[in-house]
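The following exercises ask the reader to work from the displayed coordinates to a description of the fold. Each task is followed by a solution in steps.

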Amino acid sequence: MPDFPIFSEAPQEAQVHPCRRLSSSRTLTVMRHESTQFSNMSHSSVSPSTSSSSTSFASSSFLWQSSSSSSRSRSRRSRRLLPMLLLSSCFAAFSVTAWKQAIGPESVAFLAPRFAASSAASPASSLTAPGPDDLLVYGAGYLGRLVGRHWLAEHPNSRVVAVTKSGESHEELRGLGFEPFLGSDLARLSADQGAGKFQNVAVTVPPSGGVSESGDDDYVNVLKQALRWRSKAGSLVFTSSGGVFSEDGGSVVDESSPTSADSSPRSAVLLRAEQLIRSAGGVVLRLAGLYDLHRGAHQYWWNQGIVRGNPEYKINLVHYEDAAKAVVAALELENPSPAGDLFLIGDGMPLSRKEIVEATSSNADFIDRPKPQLDSSLPSKRNSNIGKRYDVSRARKFLQWAPTYSSFASFMQSCR
């Protein structure tokens, strides 16, 4: 039985304009409805042979109720419908039996983990051998889920195994067609002795900046765990940040520009992680500030009611969807360098804090909300300088990638 790519695109009633926010509960309701249909079909197919007789009994019960009507005209109509209903009953019983025989128990076993709505975490022992197009997303947060969704859209017969720190989102991940696992479970299972290694691994875990008592960075340890599940000949992509650059005076930066591990603990952790990934032959993507309509710096400022720092400070940005597409493009990069590679990802149109506020305030979702106050007298991590501008030409050339949303301002305008 073919692998149905029913989650490579959102169900029709869940499709909305990218500017509009769709609550996860409504999306899940739609997807759970489809999952329930498949689940019910699966249960019917593996039930004992009494399933056909149950169907016949249900139809016979309906006939009895119709024929027992006190109305003579209804009785006549029931007698006319009798042959049709009997035929429908037989057809239903035959369809169930034929469907069971057609797909076989192997297909039923395949459908169960993909469409079940159980909220329990998947045990690592249930991880089956990955295929050549299957993807492991280590750190399936908001960005990781988008990466998985775009991967399934381009590889509809593949699997997406989503690794998380906790099991809170596992029901939602199953609704998206992913196979969720806890990182702690995978850490206890040897990839060499278990299901096997993945040809495609995307690491989208955001750093916490914390260091364990042993002095070894916890974040880097998580990346090492992810590397255990990657085939040596497979693709490996890690999402870092352009915040590691030392430039802050308004100049243009590219992949060769100097970095600084002293600017913040987060930068130090990211640079160590980048070195680990590239030494394994992986691709590092330094992302600009991520955003969509209700995520990003602008939403944080509206929630806080104030914008700290120089209003003219330039911030590079990229839409979440475009960042996810860049990850998929990097995974599909042909002939990557054995020494690893690095790409800068952004829309190429940095905006000042003031310009971001103005663009946001013109959007219908924010127009009636009070603007946050711009206050340069308040301290900011980067208060004195004016930022930088990303040169993303290398990513455009080698990844064949270009942002769908050319700038934050144009995105907000298109959402009016």
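**Exercise 1. Register beside strand β7**

Task: In β12, which residue is the bridge partner of V283?

Solution.
- The bridge partner of V283 in β12 is D341. The model in which this pairing is found is a predicted one.
- This bridge belongs to the pairing of β7 with β12, which is parallel and runs over five bridges.
- The pairing of β5 with β7 is likewise parallel, with five bridges. Here S241 stands opposite L287 of β7.
- For burial, five of the five residues of β7 are buried, and the strand is mostly covered.
- V283, L285 and L287 point one way from the strand, V284 and R286 point the other way, and all are buried.

**Exercise 2. The sheet as a whole**

Task: In what order do the seven strands of the open sheet lie, and which are the edge strands?

Solution.
- The order is β3-β2-β1-β4-β5-β7-β12, with parallel pairing.
- The edge strands are β3 (179-182) and β12 (341-345), each of which pairs on one side only.
- From one strand to the next, the twist averages 20 degrees.
- At the β3 end, β2 (residues 160-164) pairs with β3 in the parallel sense over four bridges. Within β3, E179 is the residue opposite V161.
- For context, the chain contains 13 helices and 15 strands.

**Exercise 3. Helices lying across the sheet**

Task: Which strands does α4 lie across, and which does α7 lie across? Determine also which face of α7 carries its buried residues.

Solution.
- Helix α4 (residues 142-154) lies across β1, β2, β4, β5 and β7 (283-287), and runs at about 170 degrees to β1.
- Helix α7 lies across β1, β4 and β5, at about 150 degrees to β5.
- In α7 (residues 218-227), the buried residues are Y219, V220, L223, A226 and L227. Viewed down the helix axis, they fall within an arc of 110 degrees, so they line one face of α7.
- The general geometry is that an α-helix has 3.6 residues a turn, so residues three or four places apart point the same way.
- The packing partners of these buried residues are β1 (135-138), β4 (198-203), β5 (230-241) and α8 (265-279).

**Exercise 4. A helix pair**

Task: At roughly what angle do the axes of α9 and α11 cross, and within what distance do they come?

Solution.
- Two packed helices are described by the angle between their axes and the distance between the axes.
- The axes of α9 (residues 297-304) and α11 (residues 353-361) come within 10 Å and cross at roughly 80 degrees.
- Angles of 65 to 115 degrees count as roughly perpendicular, so α9 is roughly perpendicular to α11.
- On the α9 side, the contact is made by H298, W301 and W302; on the α11 side, by R353, I356, V357, T360 and S361.
- By residue class, the contact comprises four nonpolar, three polar and one charged residue.

**Exercise 5. The surroundings of V160**

Task: Is V160 buried or exposed, and which residues does it touch?

Solution.
- V160 is located in strand β2.
- Its relative accessibility is 1%, and buried means under 20%, so V160 counts as buried.
- Leaving aside residues up to four places away in sequence, V160 touches L135, V137, G148, W151, L152, F178 and E179.
- The C-alpha atoms of V160 and L176 are 9.6 Å apart, and these residues are separated by 16 residues along the chain.
- Over the chain of 416 residues, 45% count as buried. Of the contacts between residues at least 6 apart in sequence, 81% join residues at least 24 apart.

**Exercise 6. Positive phi outside glycine**

Task: Where does N335 lie, and where does Q400 lie? Decide for each whether it is buried or exposed.

Solution.
- N335, a residue other than glycine, has a positive phi near 50 degrees. Its place is in the loop between α10 (320-331) and β12.
- The relative accessibility of N335 is 73%, so it counts as exposed.
- Q400 is not a glycine either, yet its phi is positive, about 55 degrees. This residue lies in the loop between α12 (393-398) and α13 (408-414).
- With a relative accessible area of 68%, Q400 is exposed.

Terms used: Residues numbered from 1 in each chain as written. Predicted model: local features only at pLDDT ≥ 70, side-chain atom pairs only at ≥ 80, totals over all residues. Heavy atoms only, no water. Buried < 20%, exposed > 50% of the residue type's maximum accessible area, 1.4 Å probe, protein only. Helix = DSSP H or I, 4+ residues; strand = E, 2+ residues; numbered from the N terminus. Arc of directions from axis to C-beta. Contact = heavy atoms within 4.5 Å. Axes fitted to C-alpha atoms, helices over the stretch in contact; angles between N-to-C directions. Parallel < 35°, antiparallel > 145°, perpendicular 65-115°, else oblique. Nonpolar A, V, L, I, M, F, W, Y, C, P; charged D, E, K, R; others polar. Pairing = 2+ DSSP bridges.
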